[in-house]
Amino acid sequence: VSVPLNVLKRVDAYLKQYLSKKSGMKGSSSVRSSSSGSSGTDEGLFEQPDLQASSRAALEKILRRRSLQMRDQQTNWQESPEGRRMLEFRRSLPAYKEKGAILSAISNNQVIIISGETGCGKTTQIPQFILESEIDSVRGALCNVICTQPRRISAMSVSERVASERGEKLGESVGYKVRLEGMKGRDTHLLFCTTGILLRKLLADRNLKGITHIIVDEIHERGMNEDFLLIVLKDLLPRRPELRLILMSATLDAELFSSYFGGAPTINIPGFTYPVRTHFLENILEMAGYKLTPSNQIDDYGQERVWKLNKQTPRKRKSQIASAVEDAVRVADFKDYSPQTQESLSCWNPDCVGFNLIEYILYNICENERPGAVLVFMTGWEDISFLKDKLLTNPVLGDPSRVLLLTCHGSMASSEQSLIFQEPEDGAKETSYDALNNTPCLLPTWISKVSARQRRGRAGRVQPGECFHLYPKCVYDTFAEYQLPEILRTPLQSLCLQIKSLKLGSISEFLSRALQSPELRAVQNAIEYLKVIGALDENENLTDLGRYLTMLPMEPKLGKMLILGAIFNCLDPISTVAAGLSVRDPFLTPLDKKDLAEAAKSEFSCHYSDHLTLVKAYEGWKDAEMDHAEYEYCWKNFLSAQSMKAIDALRQEFFSLLKDVGLIDSNMTSCNAWSHDVHLIRAVICYGLYPGICSVMHNEKSYSLKTMEDGQVLLYSNSVNARESKIPYPWLVFNEKIKVNSIFLRDSTAVSDSVLLLFGGSISKGGTDGHLKMLGGYLEFFMRPAVADLYQIIRRELDDLIQIK
Ligand code: CDP
Ligand code: MG
């Protein structure tokens, strides 16, 4: 056995140095855990009153004078003609009718919960009621109201609206603050900010000195930041008895929040919306002259039961509509699947979402309806831009004199996003797209009934409207009533890293105080895993690697691969692997063409690695795409076109993320000097997937597999390694274990002893030593004497090394 000790020391020390140097260099502006103010300095959210004043009495005098000014200014506006007109509008909102009740509840209780349908005036009115009433009571200069929003765009648009309702420009009494952007001034007393901004503020000032009212908006969404914030605020309330907390929800689930805050009172604003007509997929198809009947026939793609068109329907239809309908009816009939399957949506083929159908509906609306706006909800940026390009080629929808096509997505610049709130010029109908799901690496999932209702509600805010659901009623019936809170949906490992980056203390202790907490055992496992992979040190503190992982919104194992891929200049194949692990398996196996599909996959099989097999398939797809033949390529090779496109988009996203966090220089266009080195790629995959390793035990004819925790395991039948009679490597690293009757490993890559030794561990504080201990355990367990010896040698040398130091 050759001892790669020098290499071992180099790799580990190199990584450790590299990451700590990088994170030191980027400083506070990029490392999320320490970025608070846009300018780098930790500015407060509000201006503090003039502390230079010579005495308490002098300060009180200044504040009183300022409060009187504020009152006069407010009264002048309210009595001006425009002010009166504005007030008239505000009075028409349902929230206005509850003004008295809301204000008196706030003055009598530390915490209250307000619910009311979208559009009733919660966000624009309630913060204003508070500010106005404080100003009227000549306490304006003492009052500082924070209203948190889950999304940047709402913080910005709503603050602008409220400023104009107060007859002011943004940045006077009303301002906003989101990451890297803000508009506020010396006289700002009502600040709209993202929930994240307030959480960061809490890092610097646990008591939120000077803030008098905190309004947490959109709590029904149960976003992770909002749930985090509530835990911290619940802690803070007893320390700040005069502080007021107002929670606002668009749904009637106030009970949960009320009991969390010891029976806080709730106020419901009775809603008003114009009627909204609802159409499900079957109604839409009927309108197009088709009739749907469920059928058991197996579709070309296999696996799924599909809805078949009743062929007796009128044939004289434009081919465009026919293909639209064809697309749409591929929707799976869900009723017979287990709840788990329904949840994972594995039987939902996103290729069939039906862009054609959307085009058809939009075309009809624009041809037949009165002027107005159409809002289309899509699952992600990919789909949004694809649809826009498609619509631009439509003679009616693509005609800018008739339709204004706008897109909106969390990743767009704020100025572009805010276009959707501007009134279009006369005559132009407006179409905009909205994607609320901004997480890059998650598969699309069904929304909840509550959010379906909420989206529908948006069609009835200013006039009667219509809502088209692109799924059958029977699928809607399977939706969960409420969406699971994000804190229970987010992978626990990422959740733990987030808690650490927000410096919220002990992970399990913090989570145990949540509105709804994940299971303690699962949390402990996640912490243990994060220690093993080197993201947390023994004391549960973030390591340099961990800090980078908190900045990459994906599973830590994928983050690790990408980080190393960037450092070792082999990002092309590695980002394909990481993207492939984030999307639905691109290799399709239709039930009736299983053999053909497997044969097609084995054409790509290489290097005893499912991951590298995917890389090969993707590279072929990329070539085919250049010749505009990517669909034929997918068809021929039993690949999902949608997954391939998703991989392609994710790769780009990964690249810009790595640039953002400073692991790739901003002027670099690629990071591939070593992308051809299969051994290196293998090693980087191993680095990401560790500790997912199993030992390959050869006997005369074949081999068996064993992991430390499970003993004997098997390979999933569609793994390329399952078809090999011999694997000329001692280890497999794998992505996922599935337990059916036995335990099956999903995608795997074969690796050598030295790769496992060099890349299997962590670069945690324990460093090489800690990771060797871990590996030593593995090696001894699997009785690989030669390697165990190697381990002993390295161990001894390290001990010497440490003693010499
Ligand atoms: O928060 P909630 O959904 O209850 O309603 P809101 O955002 O306060 O909006 C209340 C009303 O203000 C809306 O129905 C719109 O008529 C109007 N509004 C507006 O004109 N422009 C905005 N940027 C926001 C709201
Ligand atoms: Mg609102």
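Here are some worked exercises on this predicted model.

Before starting, note that residues are numbered from 1 along each chain as its sequence is written, while chains are lettered from A and ligands numbered from 1 in the order in which they are written. Since it's a predicted model, local features need pLDDT of at least 70 and side-chain atom pairs count only at pLDDT 80 or more, whereas totals for chains, interfaces and linings use all residues.

**Exercise 1. Confidence and overall make-up**

Task: Work out what the confidence scores say about the chain, and which stretches have pLDDT under 50.

Solution:
- Step 1. Start with pLDDT, the predictor's confidence in each residue, from 0 to 100. The chain averages 80, and 77% of the residues score at least 70.
- Step 2. Pick out the weak parts. Residues 431–442 stay under 50, yet the model gives them 38 contacts beyond four places in sequence; a contact here is two C-beta atoms, placed from the backbone, within 7 Å. Residues 763–767 are also below 50, with 16 contacts beyond near neighbours in sequence.
- Step 3. Keep the usual caution: where pLDDT is low, the predicted coordinates should not be read in detail.
- Step 4. Add the model scores, ipTM 0.99 and pTM 0.74.
- Step 5. Now the make-up: there are 33 helices and 22 strands, taken as DSSP runs numbered from the N terminus (helices H or I, at least four residues; strands E, at least two). Of the 805 residues, 41% are buried. For contacts with a separation of 6 or more, 70% are between residues 24 or more positions apart.

**Exercise 2. The shell around ligand 1**

Task: Find which residues come nearest to ligand 1 and which helix gives the most to its shell.

Solution:
- Step 1. Collect the shell, using a C-beta atom, placed from the backbone, within 6 Å as the cut-off. There are 14 residues, with Gly119, Lys122, Thr123, Thr124 and Arg161 coming nearest.
- Step 2. Map them to helices: α6 (122–136) and α7 (152–165) each supply at least two. The top contributor is α6, with 4 residues.
- Step 3. Sort by class: 3 nonpolar, 8 polar and 3 charged. The classes are Ala, Val, Leu, Ile, Met, Phe, Trp, Tyr, Cys and Pro as nonpolar, Asp, Glu, Lys and Arg as charged, and the others, Gly among them, as polar.

**Exercise 3. The sheet of 8 strands**

Task: Trace the strand order of the 8-stranded sheet and see which helices lie on the sheet.

Solution:
- Step 1. Count two strands as paired if DSSP finds at least two bridges between them. The order is then β4-β3-β5-β2-β6-β7-β1-β8, an open sheet with mixed pairing.
- Step 2. Look at the ends: β4 (181–183) and β8 (266–269) pair on one side only. From one strand to the next, the twist averages 20 degrees.
- Step 3. Zoom in on one edge. β3 (174–178) runs antiparallel to β4, joined by 3 bridges, and Lys177 has Gly182 as its bridge partner.
- Step 4. Add the helices. α9 (224–236) packs on the sheet, touching β2, β6 and β7, at about 150 degrees to β6. α6, the ligand-shell helix, lies across β1, β2, β5, β6 and β7, at about 170 degrees to β2. These angles are between N-to-C directions, from 0 to 180 degrees, with axes fitted to C-alpha atoms (for helices, over the stretch in contact).

**Exercise 4. The sheet of 7 strands**

Task: Explain why β20 and β22 each have one side without a neighbour.

Solution:
- Step 1. Write the order: β20-β21-β18-β17-β16-β19-β22, open and mixed.
- Step 2. β20 (737–739) and β22 (748–751) stand at the edges with a single partner strand each, so one side of each has no neighbour in the sheet.
- Step 3. Neighbouring strands are turned by 40 degrees on average, direction ignored.
- Step 4. Check the β22 edge: 4 bridges join it antiparallel to β19 (731–734), with Phe734 opposite Ser748.

**Exercise 5. Backbone oddities**

Task: Locate the cis peptide bond, then decide whether Val138 and Phe638 are buried or partly exposed.

Solution:
- Step 1. The cis bond runs from Tyr690 to Pro691, with omega near 5 degrees. Pro691 is in the loop between α30 (678–689) and β16 (693–698).
- Step 2. Val138 has a positive phi, near 55 degrees, in the loop between α6 and β2. Phe638 also has phi near 55 degrees, between α28 (630–637) and α29 (641–660).
- Step 3. Count other C-beta atoms, placed from the backbone, within 10 Å: 20 or more is buried, 12 or fewer exposed, in between partly exposed. Val138 has 15, so it's partly exposed; Phe638 has 22, so it's buried.
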